[in-house]
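I opened the notebook with three things to look up: exposure of some side chains, contacts between rings, and the pocket.

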Amino acid sequence: MTISSRRPTGLKVVVVLSGVQGVLSVLAGVLVLLLAIAGSSVSGVFGSIGGDLAVAVVGVVGAALFALGTIFLLLGLVRLFAAWGLWRLAAWARLLESTLAVLSLFSPPLGSLMAVVELYFLWVDPATRRLFD
C-alpha cells in the first residue's frame, strides 16, 4: 500500500484548504506590497501638491501597507509549507496547521468556517487522527 492510498479524504480536504488559503494569502501579500511600492513612488507628486503633511500621510500609509503585505506573504508561505508537510504526513505540520486554523477562527465568516473544518479533520476525524497518533 502506498502513502497516497493511506491518506483519508479528510486529510486531503485540509491540504487543499490550506494550499488554497496559502496561495490566496501570497497573492494578497504581493498585491499589497505592490500597492505600498506604488504609493511610495507617488509621494513626490503629493508633496508638490499638498506639502509635507501629504508626504507624511502617504509615508505612514505606505509603511502600514508594506507591513501588512509582508505579513500576508509570510503567513501564506507558512501555510503552503504546512500543506506540504501534511501531504507528507509530518506530525509537526498537524500542529502548525492547527495553529494557523485557530488564528483563522478570527476571520469570519469564511475563514472561521474553513478553520472549523480543518480542526475537525485534524483532531476529531478518526481516519486522520490515526495517521498522526
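Before the first lookup I fixed the exposure classes: a residue is buried under 20% relative accessible area, exposed over 50%, and partly exposed in between. The model is predicted, which I keep in mind for every entry.

Entry 1, L35. I looked up the helix first and found L35 in helix α2, residues 9-41. Is L35 buried, partly exposed or exposed? The relative accessibility came out at 47%, so I logged L35 as partly exposed. I also checked a neighbour in space: G62 is 27 residues away from L35 in sequence, yet the C-alpha to C-alpha distance is 7.9 Å.

Entry 2, aromatic pairs. I searched the whole structure and got 3 aromatic pairs. For F81 and W84, the ring centres are 5.7 Å apart and the planes meet at 25°; since planes under 30 degrees apart count as stacked, I filed this pair as stacked. Both residues belong to helix α4 (residues 52-87), with a spacing of 3 residues, about one turn of the helix. I then looked up their exposure. F81 has a relative accessible area of 43% and is therefore partly exposed. W84, at 44%, is also partly exposed.

I next noted Y120 and F121, an edge-to-face pair with 5.2 Å from centre to centre and 70° between the planes. Y120 has 39% relative accessibility, so I put it down as partly exposed. Going back to the stacked pair, I found that F81 and W84 form one aromatic cluster together with W92.

Entry 3, charges over rings. I looked for charged ends placed over aromatic rings and wrote down two cases. The charged end of R7 sits over the ring of W87, at 3.8 Å from the ring centre. The charged end of R94 sits over the ring of W123, at 3.5 Å from the ring centre.

Entry 4, the largest pocket. What volume does the largest pocket have? I read off about 430 Å³. Its lining is made up of 18 residues, and those nearest the pocket centre are Q21, S25, R79, S104 and S107. I then asked which helices supply at least two residues each to this lining. They are α2, α4, α5 (91-104) and α6 (110-123). Sorted by class, the lining has 11 nonpolar residues, 6 polar and 1 charged.

How values were computed
Residues are numbered from 1 along each chain as its sequence is written. This is a predicted model: local features need pLDDT of at least 70, side-chain atom pairs count only at pLDDT 80 or more; totals for chains, interfaces and linings use all residues. Side-chain values use heavy atoms; hydrogens and water are left out. Helices (H or I, at least four residues) and strands (E, at least two) are DSSP runs, numbered from the N terminus. Buried means under 20% relative accessible area, exposed over 50%, partly exposed in between (1.4 Å probe, protein chains only). Rings of Phe, Tyr and Trp (its six-membered ring) pair if their centres lie within 6.5 Å; planes under 30 degrees apart count as stacked, over 60 as edge-to-face and the rest as tilted. A charge sits over a ring if NZ of Lys or CZ of Arg is within 6 Å of the ring centre and within 35 degrees of the ring normal. On a 1 Å grid over the protein atoms alone, a cavity is a set of points where a 1.4 Å probe fits but cannot get out, and a pocket is an open set with protein on both sides within 12 Å along at least five of seven lines; lining residues have an atom within 4 Å of a point. Grid points are joined across faces, edges and corners, and a volume is the space filled by probe spheres set on the points. Ala, Val, Leu, Ile, Met, Phe, Trp, Tyr, Cys and Pro count as nonpolar, Asp, Glu, Lys and Arg as charged, and the others, Gly among them, as polar.
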